[in-house]
Amino acid sequence: MTVSSYRVIGMACGHCAGFVTEEIERIPGVTAVAVDVERDTATVTSDRPLDIAEVRAAVEEAGYELP
């Protein structure tokens, strides 16, 4: 199991967190996602190390940015 945290730019509310969570959960191997809007972070648990490009694409699909 791998746990990684990512900074997500542009979130402002719970709906934002929901969009980001939904898109990251679609990545194969992801088992849990915890988004903290106040800290601008997404903590992702997966059964394998994730490629940053996969996470970036998911966050961008939700309408936000991964620096």
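Okay, let's start with the hairpin: strands β2 (residues 30–36) and β3 (residues 41–46) run antiparallel and are joined by six bridges. Before I go on, this is a predicted model, so local features need pLDDT of at least 70, side-chain atom pairs count only at pLDDT 80 or more, and totals for chains, interfaces and linings use all residues. Residues are numbered from 1 along each chain as its sequence is written, and side-chain values use heavy atoms, with hydrogens and water left out.

On terms, helices (H or I, at least four residues) and strands (E, at least two) are DSSP runs numbered from the N terminus. Two strands count as paired if DSSP finds at least two bridges between them.

Back to the hairpin, then. Ala34 has Thr43 as its bridge partner in β3, and for Val35 the partner in β3 is Ala42. Hang on to Ala42, please. On β1, Tyr6 also has Ala42 as its bridge partner in β3. β1 and β3 pair in the antiparallel sense, again over six bridges.

Put together, that's an open sheet of three strands, order β1-β3-β2, with antiparallel pairing. The edge strands are β1 (2–7) and β2, each pairing on one side only. Neighbouring strands here are turned by 15° against each other on average, direction ignored. For angles, axes are lines fitted to C-alpha atoms, for helices over the stretch in contact, and values run from 0 to 180 degrees between N-to-C directions.

Now the helix. α1 (residues 14–25) lies across β2 and β3 and runs at about 160° to β2; contact there means heavy atoms within 4.5 Å.

So what's going on in the loop between β2 and β3? That's where Asp40 sits, and the hairpin has four residues between its strands. Asp40 has a positive phi of about 55° although it isn't a glycine. As background, most residues other than glycine have a negative phi. Is Asp40 buried or exposed? Neither, really: Asp40 is partly exposed, with a relative accessible area of 25%. The cut-offs are under 20% for buried and over 50% for exposed, with partly exposed in between (1.4 Å probe, protein chains only).

Last bit, the annotation. UniProt, in an unreviewed entry, lists residues 2–67 as "domain: HMA". Those positions follow the numbering used here, feature names are shortened, and annotations may be inferred rather than shown by experiment. Over residues 2–67 the chain is 33% helix and 29% strand, with the end C-alpha atoms 21 Å apart.
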